[in-house]
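Please examine the sequence and the three-dimensional structure shown below. The paragraphs that follow move from one residue to the whole and back to further local detail.

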Amino acid sequence: MKTKTILLTGFILLFAAFIINAQNFNKIKEDSLLNLLAEKNKAMGSLAISENGNIIYAKAIGFKESSPSIMPSDEKTKYRIGSISKMFTATLIFKLIDEGQLELGTPLAKFYPSIPNADKVTVGLLLSHRSGIHNFTDDSLYMTYMLQPKTRQEMIDIIAATKPDFEPDAITKYSNSNFVLLGYMVEDLYKKPYNEILQEQICKKAGLTDTYYGGKIDPARNESHSFRLTQLFHGNVSTDISTWEKQPETDMSIPHGAGAIISTPTDLVRFIYALFNDQLVSKTSLANMLTIKDASLGMGIMQIPYENKKVYGHGGAIDGFNSILCYMPEEKIAFSYISNGTGYAVNDILLRTINNYFGKYDKLPEFKTYIVNPHDLEQYTGIYASLQIPIKVTITARDGKLYGQGSGQPEILLEAVDNNIFKFDPAGIIMIFHPEQKEFILEQGGGKYTFTKE
């Protein structure tokens, strides 16, 4: 599932270029990174790496429960994986295609005729996010019912009530609605609940022991809650102390095939290895999954450019959980990181891990505080716009702190790191202000965007 939690929407994966040389993974370097992030209260989560299907590294940091007492996470702790669930649903759809029960050209009208354009939307268009069906999680009403259970018919009615964003196959636009419908389709054709199908068709074949359709989070079953860093206040004044606040739980009847699975990084790297090594679908079906038309999106899978190679996988975000799964087919290397508490960009953690794997050891991040005179913060305030991206950013100052808020996004606390330089680690955002020019440069995911004060 996709949520609006950062200034720039979307899930960015951008790998720095470096020379690939096979060598032993430096576990001490990786431990140092994760231990530092835990010590500085910057991250909670779990990481796994596999070579040729064998786990070579696994480590968890942080905790899965905070009350009535702290319960630390371990390598078997399970997390909500959000949209990585789409890879599982796509795999099940392609198994049905391999079995001759379905075709990429099968129209949606065969299953759910009440959906707009159902006669023109095909299974292939649903898989590739080219259906035009509106993404129900983008609607403001979604926040009013996300915590409540919904029946299948209620969800179909919600999706059917929305106007299409575009004509089928016109463009590519990510929509959770596509994979909710695909998940229902899987149940219709196998005539079983999604979790039973998941266990029979994927988990047993790939050796996954900690992957299943989620429900109410239960730490007693080694399932993790998600948390968000929040500032503590003394009276009405914010302090420099932050704490992890437990986040609400989306009812898992809602995301279904688009985001209802829970798993571990260890299981995820096993899953993607099995997918790419002929254990789950045919070579033809895998090739179809990897067919990219636009926006780096295939059929239930994403493509990430890397030098002259390809990296495949998916990201996920739901309820404060953030996850990444990726695979390099030529090297048969898989990486997965799931965060249940993000104070440092998940993408940056994975990038550092991949650099480490290939022997490019990045200097450990520094977490230092730069003291700014509260009176100097006013020079940064105002509403800024950019010609590069269609978003406005409002900068405000109060109680000696600087805050940023993108249009349609929650407000974030900006941390001063140097003169005129602020950052927001959870999203990997750096903002460099030029007060004289009445502008700032926003850096994120390798991109640079100039914003000018209106």
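How does Lys-332 count in terms of relative accessibility? The model is a predicted one, and in it Lys-332 has a relative accessibility of 29%. Because buried means under 20% and exposed means over 50%, Lys-332 counts as partly exposed. The residue belongs to the loop that joins β12 (321–328) to β13 (333–342). Its backbone deserves attention as well: phi of Lys-332 is positive, about 55°, although the residue is not a glycine. As a general matter, most residues other than glycine have a negative phi.

The surroundings of Lys-332 draw on separate parts of the chain. Once residues up to four places away in sequence are set aside, Lys-332 touches Ser-50, Glu-51, Asn-52, Tyr-273, Asn-277 and Tyr-327. Ile-430, by comparison, is 98 residues from Lys-332 in sequence, and the two C-alpha atoms are 34 Å apart in space.

One of the residues touched by Lys-332 is Asn-52, which also has a positive phi without being a glycine, with a value near 50°. Asn-52 is placed in the loop between β1 (43–51) and β2 (54–61). With a relative accessibility of 45%, Asn-52 counts as partly exposed. A further backbone feature is found at Pro-68, in the loop between β3 (63–65) and β4 (71–72). The peptide bond leading from Ser-67 to Pro-68 is cis, and its omega is near 5°. In general, most peptide bonds are trans.

The overall fold may now be considered. The protein contains 10 helices and 21 strands. Its radius of gyration is 22 Å, close to the 22 Å that the globule rule gives for 454 residues, so the protein is as compact as a globular protein of that length. Along the principal axes, the C-alpha atoms fill a box of roughly 70 × 50 × 50 Å. Of contacts between residues at least 6 apart in sequence, 65% join residues at least 24 apart.

Surface and interior can be described in turn. The protein exposes about 19,100 Å², and carbon and sulfur atoms supply 52% of that area. There are 45 positive and 50 negative charges, and their mean positions are 2 Å apart. Buried residues account for 54% of the 454 residues.

What is found among the buried nonpolar residues? In soluble globular proteins, nonpolar side chains tend to be buried together. Here the largest nonpolar core has 72 residues, and Phe-88 and Leu-108 are those with the most contacts inside it. Helix α6 (residues 176–190) provides the largest share of this core, nine residues. Apart from this core lies another, of 27 residues, which includes Leu-34, Tyr-344, Val-346 and Ile-354. Neighbours within four places in sequence aside, Leu-108 is in contact with Pro-113, Ile-115, Ala-118, Val-121, Thr-122, Leu-126, Ile-133, Leu-181 and Met-185.

Helix α6 also holds Tyr-190. At 15% relative accessibility, Tyr-190 counts as buried. Beyond its neighbours within four places in sequence, Tyr-190 is in contact with Leu-92, Lys-95, Leu-96, Glu-99, Gln-101, Ile-197 and Gln-201. Phe-166 is 24 residues away from Tyr-190 in sequence, with 31 Å between their C-alpha atoms.

The contact between Tyr-190 and Gln-201 leads to helix α7 (residues 194–206), where Gln-201 lies. Gln-201 is buried, its relative accessible area being 13%. Residues up to four places away in sequence not being counted, Gln-201 touches Leu-92, Lys-95, Glu-99, Tyr-190 and Leu-280. Leu-92, Lys-95 and Glu-99 thus appear among the contacts of both Tyr-190 and Gln-201. Leu-104 is 97 residues from Gln-201 in sequence and 19 Å from it in space, C-alpha to C-alpha.

A last stop is Ile-158, in helix α5 (residues 152–160). Is Ile-158 buried or partly exposed? Its relative accessibility is 22%, and Ile-158 therefore counts as partly exposed. Outside the four places on either side in sequence, Ile-158 is in contact with Phe-136, Tyr-145 and Lys-150. The C-alpha atoms of Ile-158 and Tyr-142, which are 16 residues apart along the chain, are separated by 9.7 Å.

Terms used. Residues are numbered from 1 along each chain as its sequence is written. This is a predicted model: local features need pLDDT of at least 70, side-chain atom pairs count only at pLDDT 80 or more; totals for chains, interfaces and linings use all residues. Side-chain values use heavy atoms; hydrogens and water are left out. Helices (H or I, at least four residues) and strands (E, at least two) are DSSP runs, numbered from the N terminus. The radius of gyration is taken over C-alpha atoms; the globule rule is 2.2 Å times the number of residues to the power 0.38. Buried means under 20% relative accessible area, exposed over 50%, partly exposed in between (1.4 Å probe, protein chains only). Contact means heavy atoms within 4.5 Å. Accessible areas come from the Shrake-Rupley method with a 1.4 Å probe; for residues, only the protein chains shown count as cover. Lys and Arg count as positive and Asp and Glu as negative; His and the chain ends are not counted. The place of a charge is taken as NZ of Lys, CZ of Arg, CG of Asp or CD of Glu. A nonpolar core is a set of buried Ala, Val, Leu, Ile, Met, Phe, Trp, Tyr and Cys residues joined through side-chain atoms within 4.5 Å.
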